[in-house]
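Take a look at the model below. Then read on for a short report.

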Amino acid sequence: MSNATGDQLLTLTLLNGEVRVFICVTTRLAEEARRTHAMSRTATAALGRLLTVGIMMGAMLKTGGDSVTLTVKGGGPIGQLVAVARPDGTIKGYAVNPKAELPLNEKGKLDVGGVIGRQGQLTVIRDMGLREPYVGQVNLVSGEIGEDFAYYFTTSEQAPSLVSVGVRVGERVTASGGLIIQPMPGCQEAALLLLEMRVPDYAELSAALERGTALEALCEEYFEGLEPKILARITPEYRCDCNRSRIERALVTLGRDEIEDMIKLQGGAHMTCHFCNHEYTLEAAELRALID
Ligand code: ZN
């Protein structure tokens, strides 16, 4: 199945800035995550939803060097999920148990809430390049990601938001996308009502993408009568930024004794990046150089 637009993220305003909107297609990057981690269907949907929110929250950051890290831990079989996004549209993520799977739920849908679990927290760490990162945390509502982030924005950022994310996955990801709608303080009541009325449409975003509807066409339909204006477009991408020197720095933080043990017991170190599964091997001589 094809989707007419490739991965894309649009930032819009409605009604001359009364409402801020992020809307995105993330089909390719969700598929890339599935392949990278050899994930089950439900795990793909779970991580795909988190990556989709992550792409939009990355776009909320203002300057280039910063990042936002999303962590979801709900006590379900998938274990912890992590996503790290940057404002340039790059993102990486992983699930502790990528093969976790459950039967379809009572609605006949992938049981994302079940695989994530509902007893736990959602944590957002925003590194703004300041001394202290901003950390926000809320309890999970349903483990379905969309509702959990809507609750997070309302309670932790005092920015009531409508959040909808969806991933359709069979053998591979056929459609993935989402939106975040944030009315600014003082937004007119009529606009809020109109947006609320269209919530059932927004919930069908991934189905519309699967049918091949272009993102711009969806924006026209979703925000008809609300003067949508596109402010920015970026192409989101799954990309890991690990490298050898970063791995070496991580090793150094383990301390001298730990590194000496690695030399003695293993004759070197084997490290695998959680985000892309790239393997790094450091010979004993390289480890000795790190100690010095
Ligand atoms: Zn990596």
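Is cysteine 242 buried or exposed? Cysteine 242 counts as buried, because its relative accessibility is 18% and the cut-off for buried is under 20%. Keep in mind that this is a predicted model.

**The zinc site**

Cys242 also takes part in metal binding: its SG atom coordinates the zinc ion. Cys240, Cys273 and Cys276 do so too, again through SG. The distances run from 2.2 to 2.3 Å. What is the arrangement of the four donor atoms around the zinc ion? It is tetrahedral, because the donor atoms subtend angles of 103 to 115 degrees. Along the sequence, the donor residues follow the spacing C-x1-C-x30-C-x2-C.

**The two domains**

The domain assignment splits the chain into domain 1, residues 8-238, and domain 2, residues 244-291. Their C-alpha centres are 35 Å apart. How many residues of each domain are in contact? Eight residues of domain 1 touch five residues of domain 2.

The table lists values for the pair.

| Between domain 1 and domain 2 | Value |
|---|---|
| Area buried | about 540 Å² |
| Share of that area from carbon and sulfur atoms | 58% |
| Salt bridges | zero |
| Residue pairs in polar contact (both at pLDDT 80 or more) | three |

Which residues of domain 1 supply 65% of the area it buries against domain 2? They are Thr36, Lys92 and Tyr94. No other three residues supply more.

Note on methods: Residues are numbered from 1 along each chain as its sequence is written. This is a predicted model: local features need pLDDT of at least 70, side-chain atom pairs count only at pLDDT 80 or more; totals for chains, interfaces and linings use all residues. Side-chain values use heavy atoms; hydrogens and water are left out. Donors are N, O and S atoms within 2.8 Å of the metal (3.2 Å for Na, K and Ca); water is not among the atoms, so sites may look incomplete. Four donors count as tetrahedral if all angles lie between 85 and 135 degrees; four count as square planar and six as octahedral if opposite donors are over 155 degrees apart and all others between 65 and 115; anything else is irregular. Buried means under 20% relative accessible area, exposed over 50%, partly exposed in between (1.4 Å probe, protein chains only). Domain bounds come from an automatic or database domain assignment. Contact means heavy atoms within 4.5 Å. Buried area is the accessible area (1.4 Å probe) that two parts lose on being put together, summed over both. A salt bridge is a side-chain nitrogen of Lys or Arg within 4 Å of a carboxyl oxygen of Asp or Glu. A polar contact is a pair of N or O atoms within 3.5 Å; within protein, one must be able to donate a hydrogen and the other to accept it, and residues adjacent in sequence count only if both atoms are side-chain atoms.
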